[in-house]
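The exercises below are meant to be worked through with the sequence and the 3D view side by side. Try each task before reading the solution that follows.

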Amino acid sequence: MHTNEQFIKALNRKKEEAFQMLFKDYYASLVMYAMHYVRQEVAEDIVQDLMTLLWEKDTYFDSISAFHSFIYLFIRNRSINHLKHQKAELNYINYRQEESISDESEVFQVMEEEIYRIFFNVIDQLPERCKEIFKLHLAGKKENEIASQLGISLSTVKSQKQKAFQRLKERLNPLFFFLLFM
């Protein structure tokens with residue numbers, strides 16, 4: 001095959017020598033063209049898809065310029081479609097990750113609320129003076145402030161706080177107690 005016209009006629013007739021020439025003369029340059037859009041492995045796949053389409057489908061070209069328009073437009077469109085698909089996949093992955101993080105946040109929020117509910121339930125079961133001292137402690141008051149506010153000795157505040165912690169440890173699972181004060 002010497003002319004473009006002979007090449008196009010042979011290609012339209014699905015002649016094997018036309019496809020050998022197509023591969024020899026066009027493959028590398030089409031891969032390079034596709035690589036303007038996508039990475040090499042994808043570019044090679046796209047060019048292989050083009051070669052397969054030309055071999056298997058009924059294609060007909062009036063001229064070499066129609067052939068060139070078709071192959072370069074095919075490569076460009078497939079490359080852009082690949083990028084769009086890749087972007088959609090990435091958006092979906094990001095969405096799922098955000099959703100997963102949101103789901104985890106909700107689970108942790110529910111767990112935290114349940115922990116506090118159980119914690120304060122145990123505190124409410126403490127003896128009245130012990131409960132009062134411990135709630136002031138949780139409010140951020142120092143031992144000497146609690147003693148002064150309640151009109152009791154510092155040693156009473158310390159012993160009642162210690163009693164509250166001991167009861168919490170007894171009634172709450174050790175891991176639960178550890179998580180509560182992290």
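Two residues are in contact when heavy atoms lie within 4.5 Å. The model used here is a predicted one.

**Exercise 1**

Describe the secondary structure of the chain, and state what share of its residues is buried.

*Solution.* Begin with the elements: the chain has eight helices and zero strands, so that, read from the N terminus on, the order is α-α-α-α-α-α-α-α. Turn next to burial, where 29% of the 182 residues count as buried. The surface that the chain exposes amounts to about 12500 Å², and 52% of this area is supplied by carbon and sulfur atoms. Finally, take the contacts between residues at least 6 apart in sequence; among these, 56% join residues at least 24 apart.

**Exercise 2**

Find how helix α1 and helix α2 are oriented, and which residues make the contact.

*Solution.* Locate α1 at residues 4–12 and α2 at residues 16–34, and then compare their axes, which are 9 Å apart and form an angle of about 120°. Because of that angle, α1 is oblique to α2. The residues in contact are Phe7, Ala10 and Leu11 on the side of α1, and Ala18, Phe19, Met21, Leu22 and Tyr26 on the side of α2. Sorted by class, the contact of α1 with α2 holds eight nonpolar residues, with no polar and no charged ones.

**Exercise 3**

Decide whether leucine 30 and serine 79 are buried or exposed, and list what each of them touches.

*Solution.* Leucine 30 belongs to helix α2, and its relative accessible area of 0% makes this leucine buried. Beyond the neighbours within four places in sequence, leucine 30 is in contact with Val47, Leu50, Met51, Ile71, Tyr72 and Ile75. One of these partners, valine 47, is 17 residues away in sequence from leucine 30, while the C-alpha atoms of the two are 6.5 Å apart in space.

Serine 79 sits in helix α4, which covers residues 64–124. With a relative accessibility of 0%, serine 79 also counts as buried. When residues up to four places away in sequence are not counted, serine 79 touches Ala34, Tyr37, Val38 and Ile46.

**Exercise 4**

Show how the buried residues of helix α6 are arranged around the axis of the helix.

*Solution.* Start by picking out the buried residues of α6, a helix that spans residues 143–150; they are Ile146, Ala147 and Leu150. Looking down the axis of α6, one finds these buried residues within an arc of 100°, and therefore they line one face of the helix. On the other side of α6, Asn144 and Ser148 are exposed. The cover over the buried residues includes α5 (128–138) and α7 (154–171). As a last step, look just past the helix, where α6 is followed by glycine 151, a residue with a positive phi near 70°.

**Exercise 5**

Work out how α5 is oriented relative to α7, and place glutamine 160 in this contact.

*Solution.* The axes of α5 and α7 come within 9 Å of each other and cross at roughly 90°. It follows from this angle that α5 is roughly perpendicular to α7. From α5 the contact draws on Arg129, Cys130, Ile133, Phe134 and His137, and from α7 on Thr156, Val157, Gln160, Lys161, Lys163, Ala164, Phe165 and Leu168. By class, the residues of the contact of α5 with α7 are seven nonpolar, three polar and three charged.

Glutamine 160, which lies in α7, has 15% relative accessibility and so counts as buried, given that buried means under 20% relative accessible area. Apart from neighbours within four places in sequence, glutamine 160 is in contact with Arg129, Cys130 and Ile133.

**Exercise 6**

Where is leucine 126 placed, and which residues is leucine 126 in contact with?

*Solution.* Leucine 126 is in the loop between α4 and α5, and at 5% relative accessibility this residue counts as buried. Setting aside neighbours within four places in sequence, leucine 126 is in contact with Lys131, Ala164 and Arg167. Leucine 126 can also be compared with leucine 168, which is 42 residues away in sequence and 9.1 Å away in space, C-alpha to C-alpha.

Key: Residues are numbered from 1 along each chain as its sequence is written. This is a predicted model: local features need pLDDT of at least 70, side-chain atom pairs count only at pLDDT 80 or more; totals for chains, interfaces and linings use all residues. Side-chain values use heavy atoms; hydrogens and water are left out. Axes are lines fitted to C-alpha atoms, for helices over the stretch in contact, and angles run from 0 to 180 degrees between N-to-C directions. Helices (H or I, at least four residues) and strands (E, at least two) are DSSP runs, numbered from the N terminus. Angles under 35 degrees count as roughly parallel, over 145 as roughly antiparallel, 65 to 115 as roughly perpendicular and the rest as oblique. Ala, Val, Leu, Ile, Met, Phe, Trp, Tyr, Cys and Pro count as nonpolar, Asp, Glu, Lys and Arg as charged, and the others, Gly among them, as polar. Buried means under 20% relative accessible area, exposed over 50%, partly exposed in between (1.4 Å probe, protein chains only). Accessible areas come from the Shrake-Rupley method with a 1.4 Å probe; for residues, only the protein chains shown count as cover. The arc is that of the directions from the helix axis to the C-beta atoms.
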